[in-house]
Amino acid sequence: MIDTSTHATRAEFYSSPEWRRLRDAVIERDHHECQWCKAEGKVTTDRDTVLEVDHIKTVEEHPECAYDMNNMRTLCKDCHNKRHQRFNYKPHGPRKQNKWATDERW
């Protein structure tokens with residue numbers, strides 16, 4: 001089992017040759033497509049954006065699953081950020097109703 005308790009040890013894991021080979025194998029297995037986009041009927045490939053390999057059970061919480069391909073999926077950068085609630089993907093409340101939505105337009 002690998003040590004993933006610190007940022008430095010996780011960085012070492014993600015820069016290892018073993019991880020890079022496994023990452024390439026997962027992307028190949030998933031046909032170079034984002035699996036969340038695919039589930040929504042969209043096609044997002046490495047020709048469109050950056051693809052990343054996501055650990056379904058996170059490496060920080062489940063280091064024993066770090067090299068388990070059944071615990072991995074290919075996601076585009078946007079979906080991976082949504083999954084980890086990074087950047088602008090924090091949940092927001094309902095959108096405000098447009099007060100002009102039912103107004104007649106001439």
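Which residues have the most contacts inside the largest nonpolar core? In this predicted model, local features need pLDDT of at least 70 and side-chain atom pairs count only at pLDDT 80 or more, whereas totals for chains, interfaces and linings use all residues. Residues are numbered from 1 along each chain as its sequence is written, and side-chain values use heavy atoms, with hydrogens and water left out.

The largest nonpolar core (buried Ala, Val, Leu, Ile, Met, Phe, Trp, Tyr and Cys residues joined through side-chain atoms within 4.5 Å; buried denotes under 20% relative accessible area with a 1.4 Å probe, protein chains only) has 15 residues, and Trp19, Cys34, Val53, Met72, Cys76 and Cys79 have the most contacts inside it. At least two core residues come from each of helix H2 (17-29), strand E1 (51-55) and strand E2 (72-76), where helices (H or I, at least four residues) and strands (E, at least two) are DSSP runs numbered from the N terminus. Helix H2 gives the most to this core, with 4 residues.

His80 lies in helix H4 (residues 77-83) and is buried, with a relative accessible area of 10%. Leaving aside neighbours within four places in sequence, His80 is in contact (heavy atoms within 4.5 Å) with Glu52, Val53, Asp54, Leu75 and Arg86.

Among the contacts of Trp19, not counting residues up to four places away in sequence, are Phe13, Tyr14, Val53 and Met72.

Conventions
Buried < 20%, exposed > 50% of the residue type's maximum accessible area, 1.4 Å probe, protein only.
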